[in-house]
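Work through the exercises below with the sequence and the coordinates at hand, and attempt each task before turning to its solution.

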Amino acid sequence: MTWSLERLRSPDACERLIREINAFISGAYDRANTIARRNYVYEFTSMETFAFALHCPGSPETRHLPGFADEELPQPIAELAHEVADRLGLKRGRVLFNVGRYFERCGPIVPHYDGELFDHTVVPRVRHRVHSGIRPRQVAILTLRDDTTTGGTRLHDAAENEITPPMRVGDLLVFDNTLYRHSVPDPVGPSARPSSAEEATPFQDGSARGRQPTSKPRWLRYTLGWRSLDEACFDWREDEPLRPLSLADAVVLHERFLSERWPDQIESDLARATFPFPERYA
């Protein structure tokens, strides 16, 4: 399978999930969980992105590694994570669960592969070079909202052909993360809008600026993503062929990163983070 689309949730269920996930982010995205490597700081662009390690589907071999257990998650999120893990054919280990909240003109996401990054270099909106890491075989993306005219995820093959899966709200896209890079265009709404959310929002006193808006503007696009951290993964090194990893091999690489690199990386990650993350949109 190279890529597939499946209707997973209704639009109404997607909006309910957005509320559940926003509440989870408000409680889980904090300094302590970042230090523990249970959540990640992935704020390389002006969009709002969050990522969490989940013990889903779970296994004794990975229980000691960082992650949120099912009982720490809102039930709808835990159920959805297991449903998607099943679609990815995962039986053991953890998944990385990420949330993308896009607002008007927040910028494009350039073509890239997903994975656990141990050593990497990022030039925002230009390139992303991975020196070492773990790349999962498959990635899943669920669209919970899309009010853009530009649409969502694009897939890019080795010949630089671009594929635009016809994703609708509630659709789950699953694709081969060894064959395709993926990207997202700059989100644009259905009508011309001012460049800032403040200018686009009516204010209580009728003025154009300087006051609190009567309501929050909406994120134009809202997506969820999943990928394996341990099972069905590859050793990912710059300028080298991908090497298949057993779950035991992947565990060793995670352990090595956590003991050898992560202690020196914590402060730089925290310097890029904002706690608590301000919710300017709904």
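Accessible areas come from the Shrake-Rupley method with a 1.4 Å probe. The structure is a predicted model, and every value below is computed from it.

**Exercise 1. The chain as a whole**

Determine how much area the chain exposes and which share of it carbon and sulfur atoms supply, and then describe the chain's make-up.

Solution. Begin with the surface: the chain exposes about 13,100 Å², of which carbon and sulfur atoms supply 50%. Next, turn to burial, where buried residues account for 49% of the 282 residues in the chain. Then list the secondary structure, which consists of 4 helices and 15 strands. Finally, consider the contacts between residues at least 6 apart in sequence, of which 77% join residues at least 24 apart.

**Exercise 2. The nonpolar cores**

Identify the residues of the largest nonpolar core that touch the most other members, and trace which elements supply this core.

Solution. The core has 45 residues, and those touching the most other members are Ile21, Phe52, Leu224 and Trp226. At least two residues each are supplied by helix 1 (11-28), strand 3 (48-54), helix 3 (75-87), strand 4 (95-102), strand 8 (138-146), strand 11 and strand 13 (221-228). The largest share, 7 residues, comes from helix 1. As a further step, take Ile21 and leave aside residues up to four places away in sequence: Ile21 then touches Ile77, Phe97, Val99, Leu144, Tyr222 and Leu224. Apart from this core lies another, of 10 residues, among them Phe118, Cys233, Ala250 and Leu270.

**Exercise 3. Strand 8 and its partners**

Establish with which strands strand 8 pairs, in what sense and over how many bridges, and decide whether strand 8 is enclosed or open.

Solution. On strand 11, the pairing with strand 8 is antiparallel and extends over 5 bridges, with Gln138 standing opposite Asp176. On strand 13, the pairing with strand 8 is likewise antiparallel and extends over 7 bridges, with Ala140 standing opposite Trp226. For burial, the cut-off is a relative accessible area under 20%. Because 8 of the 9 residues of strand 8 are buried, strand 8 is largely enclosed by the rest of the structure.

**Exercise 4. The surroundings of Asp171**

Decide whether Asp171 is buried or exposed, and find what its side chain reaches.

Solution. Asp171 belongs to strand 11 (residues 171-176). Its relative accessible area is 5%, so Asp171 is buried. The side chain of Asp171 makes a polar contact of 2.8 Å with the side chain of Arg7, and the side chain of Asp171 also reaches the backbone nitrogen of Arg168, at 2.9 Å. Not counting residues up to four places away in sequence, Asp171 touches Leu5, Glu6, Arg7, Ile141, Leu142, Thr143 and Pro166.

**Exercise 5. An open sheet**

Give the strand order of the open sheet of 4 strands, and name its edge strands.

Solution. The order is 5-12-9-10, with antiparallel pairing. The edges are strand 5 (109-112) and strand 10 (162-163), each of which pairs on one side only. Within the sheet, 3 bridges join strand 9 (residues 154-156) to strand 12 (residues 181-184), and Arg154 stands opposite Ser183 of strand 12.

**Exercise 6. Helix 4**

Locate the bend in helix 4, and list residues of this helix that are buried.

Solution. Helix 4 (residues 247-271) bends by about 65° at Trp262, and a proline, Pro263, follows within four residues. The buried residues of helix 4 include Leu247, Ala250, Val251, His254, Phe257 and Trp262.

How values were computed: Residues are numbered from 1 along each chain as its sequence is written. This is a predicted model: local features need pLDDT of at least 70, side-chain atom pairs count only at pLDDT 80 or more; totals for chains, interfaces and linings use all residues. Side-chain values use heavy atoms; hydrogens and water are left out. Buried means under 20% relative accessible area, exposed over 50%, partly exposed in between (1.4 Å probe, protein chains only). A polar contact is a pair of N or O atoms within 3.5 Å; within protein, one must be able to donate a hydrogen and the other to accept it, and residues adjacent in sequence count only if both atoms are side-chain atoms. Contact means heavy atoms within 4.5 Å. A nonpolar core is a set of buried Ala, Val, Leu, Ile, Met, Phe, Trp, Tyr and Cys residues joined through side-chain atoms within 4.5 Å. Two strands pair if DSSP finds at least two bridges between them. The bend at a residue is the angle between axes fitted to the seven residues ending there and the seven starting there.
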